[in-house]
Amino acid sequence: MSLTLAAPYAEAPAPVSAPVLAPRERETLRHIAAGRTYLQTARHMGLSKHTVDAYLRRIRAKLNINSTAELTRLAISLGL
């Protein structure tokens with residue numbers, strides 16, 4: 001005889017929602033995840049590299065991400 005303990009009313013985990021990023025933040029993330037530099041991204045988007053840096057800082061703050069590798073992983077998971 002085997003006894004299994006389980007919570008009878010275990011709640012399902014809350015669905016994970018997609019991060020709320022502005023269109024330009026998503027575009028910036030896509031370029032960086034593709035391996036482009038801040039300067040290449042800025043030139044392609046018609047921005048200064050400081051604006052690209054600001055977008056990426058904003059993304060990191062919104063999503064509590066600390067590295068470019070994590071940003072890239074996020075971009076892949078979002079299909080960017």
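In which helix does His31 lie? Select His31 to begin the tour of this predicted model, and you will find this residue in helix α1. With a relative accessibility of 1%, His31 counts as buried, because the cut-off for that class is under 20%. Keep His31 displayed and add Arg36, since the side chains of these two residues are joined by a polar contact of 3.0 Å. Then extend the selection to the rest of its surroundings: leaving aside residues up to four places away in sequence, His31 touches Thr41, His44 and Met45 as well as Arg36.

Next, move to Thr37, which sits in the loop that runs between α1 (23-33) and α2 (38-45). Is Thr37 buried, partly exposed or exposed? Its relative accessibility is 40%, and Thr37 therefore counts as partly exposed. If you now pick the C-alpha atoms of Thr37 and Lys49, the viewer should report a separation of 9.1 Å, for two residues that are 12 residues apart in sequence.

From there, select helix α3 (residues 49-63) together with helix α4 (residues 68-77), which pack at an angle of about 80° with their axes 11 Å apart. That angle makes α3 roughly perpendicular to α4, because values from 65 to 115 degrees fall in that class. To see the contact itself, show Leu56, Ile59, Arg60 and Leu63 on the α3 side, and Thr68, Leu71 and Leu74 on the α4 side. Coloured by class, this contact of α3 with α4 comprises five nonpolar residues, one polar residue and one charged residue.

Now keep α4 alone on the screen and select Leu71, Leu74 and Ala75, which are buried. Looking down the axis of α4, you will see that its buried residues fall within an arc of 100°, and so they line one face of the helix. Bring back the neighbouring helices, and the partners of these buried residues of α4 appear, namely α1 and α3.

Which exposed residues does the face of α4 turned away from its buried side carry? Rotate the helix and select Ala69, Arg73, Ile76 and Ser77, which are the exposed residues on that face.

For the last stop, follow the chain beyond the end of α4 as far as Gly79, and query its backbone torsions: the phi of Gly79, which follows this helix, is positive, near 75°.

Note on methods: Residues are numbered from 1 along each chain as its sequence is written. This is a predicted model: local features need pLDDT of at least 70, side-chain atom pairs count only at pLDDT 80 or more; totals for chains, interfaces and linings use all residues. Side-chain values use heavy atoms; hydrogens and water are left out. Axes are lines fitted to C-alpha atoms, for helices over the stretch in contact, and angles run from 0 to 180 degrees between N-to-C directions. Helices (H or I, at least four residues) and strands (E, at least two) are DSSP runs, numbered from the N terminus. Angles under 35 degrees count as roughly parallel, over 145 as roughly antiparallel, 65 to 115 as roughly perpendicular and the rest as oblique. Contact means heavy atoms within 4.5 Å. Ala, Val, Leu, Ile, Met, Phe, Trp, Tyr, Cys and Pro count as nonpolar, Asp, Glu, Lys and Arg as charged, and the others, Gly among them, as polar. Buried means under 20% relative accessible area, exposed over 50%, partly exposed in between (1.4 Å probe, protein chains only). A polar contact is a pair of N or O atoms within 3.5 Å; within protein, one must be able to donate a hydrogen and the other to accept it, and residues adjacent in sequence count only if both atoms are side-chain atoms. The arc is that of the directions from the helix axis to the C-beta atoms.
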